[in-house]
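Me: Could you take me through the nonpolar core of this protein, and tell me how far I can trust the model around it?

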Amino acid sequence: MAVSYATFIADDRYSQFATSVSQTLVETILSEAESDTPVKFWGTKQDRAIALLTAHRLTKWLQTQAGTGNTSGAAIGGITSLSSSQSSQSVSFESTSGSALEGFEGLETTFYGQEYLRLRRSLAPTGFLSIP
């Protein structure tokens, strides 16, 4: 595996996952992320892509477990309005239906996913590769 549990957790950007999820879950998601980030596409940036994708998926998993995340699995857009009074609060999100987010697992919904997309956009396309 390109990124091990030990190297992932040792990185300060991801160390919070050592206490919030099991080692088995982290290893499983690392393995899936490695399969989803082929070295032919990512080259020398594969390890970073694996770590970012893993952190994104772990964050979404934790949000779902806590009931604070988007449990439907659908991507949510940016905040369009906030309102608050003494007895209620509401937040509205823009729709992402039919947006450029489709096929990217709602990556823009976490900081790690946004960084993954930024890294992906930084790669120069070569040949006719299937883009993960």
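Reply: Happy to; here is the core, followed by the helices around it and the confidence scores.

This is a predicted model, in which local features need pLDDT of at least 70 and side-chain atom pairs count only at pLDDT 80 or more, while totals for chains, interfaces and linings use all residues. Residues are numbered from 1 along each chain as its sequence is written, and side-chain values use heavy atoms, leaving out hydrogens and water.

A nonpolar core here is a set of buried Ala, Val, Leu, Ile, Met, Phe, Trp, Tyr and Cys residues joined through side-chain atoms within 4.5 Å; buried means under 20% relative accessible area with a 1.4 Å probe, protein chains only. The largest one has 27 residues, and those touching the most other members are Phe8, Tyr14, Phe17, Val26, Trp42, Leu58 and Tyr116. Helix H5 gives the largest share, 7 residues. Helices are DSSP runs of H or I, at least four residues, numbered from the N terminus.

Take Phe8: leaving aside neighbours within four places in sequence, its contacts (heavy atoms within 4.5 Å) include Tyr14, Phe17, Val26 and Leu58. In helix H6 (residues 111-121), the buried residues include Tyr116, Leu117 and Leu119, and H5 is part of what covers the buried residues of H6.

As for trust, pLDDT is the predictor's confidence in each residue, from 0 to 100. The chain averages 78, with 64% of the residues scoring at least 70. Helix H1 (residues 5-10) has the highest mean of the elements, 96. Over residues 71-76, pLDDT stays under 50. Where pLDDT is low, the predicted coordinates should not be read in detail.

Key: Helix = DSSP H or I, 4+ residues; strand = E, 2+ residues; numbered from the N terminus. Buried < 20%, exposed > 50% of the residue type's maximum accessible area, 1.4 Å probe, protein only.
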